[in-house]
Amino acid sequence: MQETPLTDLEVAEEMADAAREAILPFFRQTDLQTLNKLDDGFDPVTIADRNGEKAMREVLARHRPEDGIFGEEFGHSEGSSGRTWVLDPIDGTRGFISGTPTWGVLIALSTANGPIMGVIDQPYIGERFVGSSDIARVTGPAGTAPLKTRQTAALDQAVVFTTFPEVGTPEDRAGFEAVAGRAKLTRYGMDCYAYALVASGQVDLVIESGLNAYDIQAPIAVIEAAGGVVTDWQGGPAHNGGRALAAANPELHAAALEILRNY
């Protein structure tokens, strides 16, 4: 009997499961070797990053060989379908090697117009955030629940997250600080988990720069499915990376964008 083909969501879930299995044995290991991708600066990579992406690519080879792949560790593989799986096996490797559970596995399915489905998976906590046109949910230790962003409209009541000053130019940071200076609370260094918190209604804004496509495409899909808005700092598409503004709702997005457009 021929097997029923998996849906795209089932493929993404299988990839996330495979990445968890490949990555978790290395988390909080005191003898984990870390390599630096940069000659000037520090951009770490570990065997866990590479094994995680390999595991996801193996799932795609079985179930979606016609699709393209764009991964942080092994680059771009052309497909014939017009669709691309955008993969970041460990978004937040700095957090990973520091033992903080703020890193995550990012999986997006994209067309030329941007992501149509996204997964943010935090293996250590066991939380998985999924978003597409017909689903917005989180599954974790507390069970399964719908994702819904909150309705904070006033900037002075907003909670904003960022990885500044770790990344970005002085001008980028100035733009962020102009918004953060008007917000109620600012928190730093949460990696992709900050986007998951926007989608789950815990925080209101994430402001970033210096992103790659694999850093932002899954968060875009998850946040938009939950009712939020993600653009660049001029209000345009953010799925190719660069600067990003993720907001819980259109009103708050407009308030932050009015400031960021000046930078």
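This is a short walk through the two sheets, the nonpolar cores and a few individual residues of the structure above.

Okay, one thing before we start: this is a predicted model, so please keep that in mind throughout.

Let's begin with the sheets. There's an open sheet of 8 strands, and if you trace across it, the order is β4-β3-β5-β6-β7-β8-β9-β10, with mixed pairing. At the edges you find β4, residues 75–77, and β10, residues 143–146, and each of those pairs on one side only. Going from one strand to the next, the twist averages 15°.

Zoom in on β5 and β6 for a second. β5 covers residues 84–91, and its pairing with β6 is antiparallel, over 6 bridges. If you want a spot to click on, take Trp85, which stands opposite Leu109 in β6. Then there's helix α2, residues 47–63, packing on this sheet: α2 touches β3, β4, β5 and β6, and its direction makes about 155° with that of β5.

Now the other sheet. This one is open too, with 5 strands in the order β12-β11-β13-β15-β14, and again the pairing is mixed. Which strands stand at the edges here? They're β12, residues 185–188, and β14, residues 229–231; each has a single partner strand, so one side of each is left without a neighbour in the sheet. As for the twist in this sheet, the average is 15° from one strand to the next.

The pair β14 and β15 runs antiparallel, joined by 3 bridges. One pair to look for is Val229 with its bridge partner Ala247 in β15. On this sheet packs α6, which touches β13, β14 and β15, with its direction at about 155° to that of β14. Helix α7, residues 250–260, also lies across β13, β14 and β15, and α7 runs at about 145° to β15.

While we're here, have a look at helix α4, residues 170–180. Which of its residues are buried? Those are Asp172, Gly175, Phe176, Val179 and Ala180. Seen down the helix axis, they fall within an arc of 135°, so they line one face of α4. And what covers them includes β11, β12, β13, β15 and α7, so you'll recognise some names from the sheet we just did.

On to the cores. The largest nonpolar core has 33 residues, and the ones with the most contacts inside it are Ile120, Phe129, Leu147, Phe161 and Tyr195. Several elements give two or more residues to that core, among them β6, β9, β11, β13 and β15, plus the helices α5 and α6. The largest share, 7 residues, comes from α5.

Ile120 is a good place to centre your view. Ignoring neighbours within four places in sequence, Ile120 is in contact with Val105, Leu106, Glu127, Arg128, Phe129, Cys192, Tyr195, Ala196, Pro219 and Val222. There's also a second, separate core of 25 residues, and that one includes Val11, Trp85, Leu87 and Trp103. So yes, Trp85 from the β5 story is back.

Right, some single residues. First up is Glu13, in helix α1, residues 8–23. Is Glu13 buried or exposed? Its relative accessibility is 18%, and the cut-off for buried is under 20%, so Glu13 counts as buried. Its side chain makes a polar contact with the side chain of Arg137, at 2.8 Å. Again leaving out neighbours within four places in sequence, the contacts of Glu13 are Arg128, Val130 and Arg137.

Next, two backbone oddities. Arg28 isn't a glycine, yet has a positive phi of about 60°. You'll find Arg28 in the loop between α1 and β1, and with a relative accessible area of 44% it's partly exposed. Asp191 is the other one, with a positive phi of about 55°, and it isn't a glycine either. Asp191 sits in the loop between β12 and α5, but this one is buried, at 14% relative accessible area.

Last stop: Thr34, in strand β1. Thr34 is partly exposed, at 30% relative accessibility. Its C-alpha atom is separated by 5.9 Å from that of Val45, and the two residues are 11 apart along the chain.

That's my tour; over to you.

How values were computed. Residues numbered from 1 in each chain as written. Predicted model: local features only at pLDDT ≥ 70, side-chain atom pairs only at ≥ 80, totals over all residues. Heavy atoms only, no water. Core = buried A, V, L, I, M, F, W, Y, C linked by side-chain atoms within 4.5 Å. Buried < 20%, exposed > 50% of the residue type's maximum accessible area, 1.4 Å probe, protein only. Helix = DSSP H or I, 4+ residues; strand = E, 2+ residues; numbered from the N terminus. Contact = heavy atoms within 4.5 Å. Pairing = 2+ DSSP bridges. Axes fitted to C-alpha atoms, helices over the stretch in contact; angles between N-to-C directions. Polar contact = N/O pair within 3.5 Å; in protein donor to acceptor, adjacent residues only side chain to side chain. Arc of directions from axis to C-beta.
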